[in-house]
Amino acid sequence: MRIWLSLPLFLVFAAGAASPRDAPSRFGTVDVTEVARGLEHPWSLAFLPDGRMLVSERPGRLRIVDVDGTVAAPLGGVPTVYARGQGGLHDVVLAPDFAASQRLFFCYAEPRGARSGTSIAHARLAGGGLDDMRVIFRQQPDWDSRHHFGCRLVFARDGTLFATLGERYSGMKLAQTLDNHLGKVIRIGADGTVPADNPFVGRAGARPEIWSYGHRNPQGAALHPQTGQLWIHEHGPKGGDELNRPQPGRNYGWPVITHGVDYSGLPIGEGAHRTGMEQPLHYWVPSIAPSGMAFYTADRFPAWRGNLFIGSLKFGQLVRLQLDGERVVDEERLLDGLKRRIRDVRQGPDGALYLLTDEADGAVLRVTPHTGSGVRSRPP
């Protein structure tokens, strides 16, 4: 089933559904096509070489979505996940050598007795499922919380793997210490080994996988297309969502410094600045609840080449950041009024932007330049 949406035209949905308002862009209007739906809280999207999509669902399912929008039955071989609160099956990415190895990597909230923790595994895609699954990393310590698991995965150009790890909310103070993986960005080999040039290798009392620390709950990560450096964003508390470029061994401040406040309105930590702690490249007050992130490099939107796109769970928007080097020089909110929580953002092989909506009946959306045909959508 497909629904063709043209923004800023008023849209026609099935009876009882809400009609999004206008969503203008300074570079012209966009068309939004609902490619597929019926996904339960989809979390991550990865394109297979043939154009099909791998989509993870937070309750613990991994599905293939065909190019025509058909959603296949869940793949077998996915491990049991801790599907409570914010936990479940999270990011999925293809191995750099996927064409030969058929391996994919994924992270998930793993049940560990009465507790849980974020884990990373890889497996081979074969037929209707996964086989030869291997867990290559387990966040330590196990924690009793349903919140702040992270987790995004990004392969660096040298083949190492970055992962963002939340501080599990009640473990926020541990984000400042190096003897654990809470509130950290880690860097490991594709087999789970520790690269020799990680910043804390050989340091007593420090986990060698750590790349940077002092993070809260990072749910977006991507490599800059020119520099190859990792960029991430992370949820702040009440205000203070951050865009960061994690540098090896650097401290990003949480919960000692933040541009937000506690949900009660009370201050957190020491304020917004402290010597020896990094400032974000950009931050949001009020929070947008960011999730998913992609640098745009294709030709379909030529005016947007080099821009950074971030989904907003809170406002149901697609946030476009125009960059000058590492400086954000302009911000635009797209799809305002769509009123659908945006969980993931990916650039497709066709140059379109693809979004996942975080809903019980979640969808894959495709964003393309407006055709100008003036056609309205029809009820499914």
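A nonpolar core is a set of buried Ala, Val, Leu, Ile, Met, Phe, Trp, Tyr and Cys residues joined through side-chain atoms within 4.5 Å. The exercises below use this term on a predicted model.

**Exercise 1.** Find which residues touch the most other members of the largest nonpolar core, and which strands supply at least two residues each.

Solution.
Step 1. The largest nonpolar core holds 19 residues. Those touching the most other members are Phe309, Leu318, Leu335, Val345, Leu355 and Val367.
Step 2. At least two residues of this core come from each of S2 (30-39), S22 (342-347), S23 (353-357) and S24 (362-369).
Step 3. S24 gives the largest share, 3 residues.
Step 4. Apart from this core lies another one, of 18 residues, including Leu48, Ile64, Val81 and Phe106.

**Exercise 2.** List what phenylalanine 309 touches, leaving out residues up to four places away in sequence.

Solution.
Step 1. Among the residues in contact with phenylalanine 309 are Leu318 and Val345. Both also appear with Phe309 among the core residues that touch the most other members.
Step 2. The other contacts are Gly292, Met293, Ala294, Tyr296, Trp304, Val319, Arg320, Leu334 and Leu353.

**Exercise 3.** Work out which strands of the sheet S10-S11-S12-S13 stand at its edges, and why one side of each lacks a neighbour.

Solution.
Step 1. The sheet is open, has 4 strands and pairs them antiparallel.
Step 2. S10 (153-155) and S13 (210-213) are the edge strands; each has a single partner strand, so one side of each has no neighbour in the sheet.
Step 3. From one strand to the next, the twist averages 20°.
Step 4. S11 (residues 161-165) and S12 (residues 184-188) are paired over 5 bridges. Threonine 164 has valine 185, in S12, as its bridge partner.

Definitions and conventions. Residues numbered from 1 in each chain as written. Predicted model: local features only at pLDDT ≥ 70, side-chain atom pairs only at ≥ 80, totals over all residues. Heavy atoms only, no water. Pairing = 2+ DSSP bridges. Axes fitted to C-alpha atoms, helices over the stretch in contact; angles between N-to-C directions. Buried < 20%, exposed > 50% of the residue type's maximum accessible area, 1.4 Å probe, protein only. Contact = heavy atoms within 4.5 Å.
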